[in-house]
2 protein chains.
Amino acid sequence: MRRLRYNVAASLDGYIADVNGGFDWIPDDSTVDFAALFARIDTVIMGRVTYEVMRSQPELPFNSGTRVYVVSRTLDRNTPGVTVVRDDPVALASSLRHEAGDGEIWLFGGGQLFAALLAADQVDAVEITIAPVLLGGGIPLLAHVDHRTALELVHTHTYPSGMVAVHYEVKRGATRV
Amino acid sequence: MRRLRYNVAASLDGYIADVNGGFDWIPDDSTVDFAALFARIDTVIMGRVTYEVMRSQPELPFNSGTRVYVVSRTLDRNTPGVTVVRDDPVALASSLRHEAGDGEIWLFGGGQLFAALLAADQVDAVEITIAPVLLGGGIPLLAHVDHRTALELVHTHTYPSGMVAVHYEVKRGATRV
């Protein structure tokens with residue numbers, strides 16, 4: 001079974017983008033090892049809002065050959081470089097997780113897609129890199145859901161920029177607390 | 001100048017209480033050194049909602065002799081054990097911070113009071129102990145505010161229970177990013 005990881009940067013108050021969708025509050029930190037992250041993933045899933053933010057960047061931040069799925073009811077199906085999935089992100093995630101191989105799946109954002117996949121027990125790991133800032137508003141790292149999810153801390157790392165990475169496994173089965 | 005610290009436990013998604021005001025999601029952890037925290041504070045400020053939650057507990061979690069201020073327009077002024085402050089929490093915080101001595105002031109909650117004091121530059125330190133859980137909703141650690149606040153990471157600690165403490169100084173002056 002391939003693992004699906006929600007890996008995002010967030011403010012201390014839990015936002016993955018500011019009220020304008022921006023992320024200029026994430027400090028540059030040359031010690032962040034993106035290569036290690038990219039080496040273990042071969043598939044990326046994201047919601048439409050996250051895609052629009054990412055598309056505004058000069059280039060996609062993924063290795064060539066990475067499969068990119070965007071869950072959206074409105075995005076043009078012929079958008080180059082990505083596969084648009086109209087609905088049922090749970091079926092998409094389940095199908096990708098059951099593929100052969102051990103490449104991992106990166107849930108790149110955002111909070112609504114995370115909520116849908118978390119509720120359907122499709123998320124294996126939650127990895128948040130906390131930036132040293134309070135945004136006071138924006139896009140929450142998790143949209144509102146009506147149950148709790150227990151996590152198990154597996155790793156922390158403090159970066160020179162003051163970012164703190166906290167990595168968790170989702171506690172399955174015994175998970176709803 | 002006395003220091004004012006916002007010190008709370010929060011879920012990974014940034015809530016200090018669940019949708020019912022509860023905090024049974026905070027793990028018991030015998031290694032949490034409450035004595036060290038209490039030793040350095042002699043004054044506590046909190047909002048009314050936080051006070052109502054705390055009041056439901058068998059006893060106040062503070063040392064005897066600790067001054068407790070509750071900011072509330074509705075709480076009875078004769079509530080025993082606390083000083084009720086009707087309005088202007090900024091004036092209260094400023095007055096307490098300018099008192100002689102080096103006892104510290106613990107902003108115990110909640111997110112609305114924190115927002116008001118943060119906006120008025122009355123908060124010196126932000127200390128969040130992150131519990132290994134996603135609540136999906138509840139009382140945010142910071143109510144919505146319309147500006148960012150830059151922080152400087154000064155300390156982290158990982159507890160056996162999987163809680164992670166992240167301590168920051170509020171960056172004054174250069175603070176709004």
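The radius of gyration used here is taken over C-alpha atoms, and the rule for a globule is 2.2 Å times the number of residues to the power 0.38. Keep that in mind as we walk through chain A, which is a predicted model. With 177 residues, a compact globule would have a radius of gyration near 16 Å, and chain A agrees because its value is 16 Å. Along the principal axes, the C-alpha atoms fill a box of roughly 45 × 40 × 30 Å.

Let's turn to what makes up the chain. Four helices and eleven strands form the secondary structure of chain A. If we take the contacts between residues at least 6 apart in sequence, 73% of them join residues at least 24 apart. Of the 177 residues, 54% count as buried.

Now for the outside. Chain A has an accessible surface of about 8,000 Å², and carbon and sulfur atoms account for 50% of this area. As for charge, there are 21 negative and 15 positive side chains, and the centres of these two sets lie 7 Å apart.

Helix 3 of chain A, residues 89-97, is a good place to look at burial in detail. Its buried residues are Pro89(A), Leu92(A), Ala93(A), Leu96(A) and Arg97(A). These residues lie on the same side of helix 3, because they cover an arc of only 125° around the axis. And what do the buried residues of helix 3 pack against? Their partners in chain A are strand 1 (4-11), strand 3 (41-47), strand 4 (67-71), strand 5 (83-85) and strand 6 (104-109), together with helix 4 (111-119).

How values were computed
Residues are numbered from 1 along each chain as its sequence is written. Chains are lettered from A and ligands numbered from 1 in the order in which they are written. This is a predicted model: local features need pLDDT of at least 70, side-chain atom pairs count only at pLDDT 80 or more; totals for chains, interfaces and linings use all residues. Side-chain values use heavy atoms; hydrogens and water are left out. Helices (H or I, at least four residues) and strands (E, at least two) are DSSP runs, numbered from the N terminus. Buried means under 20% relative accessible area, exposed over 50%, partly exposed in between (1.4 Å probe, protein chains only). Contact means heavy atoms within 4.5 Å. Accessible areas come from the Shrake-Rupley method with a 1.4 Å probe; for residues, only the protein chains shown count as cover. Lys and Arg count as positive and Asp and Glu as negative; His and the chain ends are not counted. The place of a charge is taken as NZ of Lys, CZ of Arg, CG of Asp or CD of Glu. The arc is that of the directions from the helix axis to the C-beta atoms.
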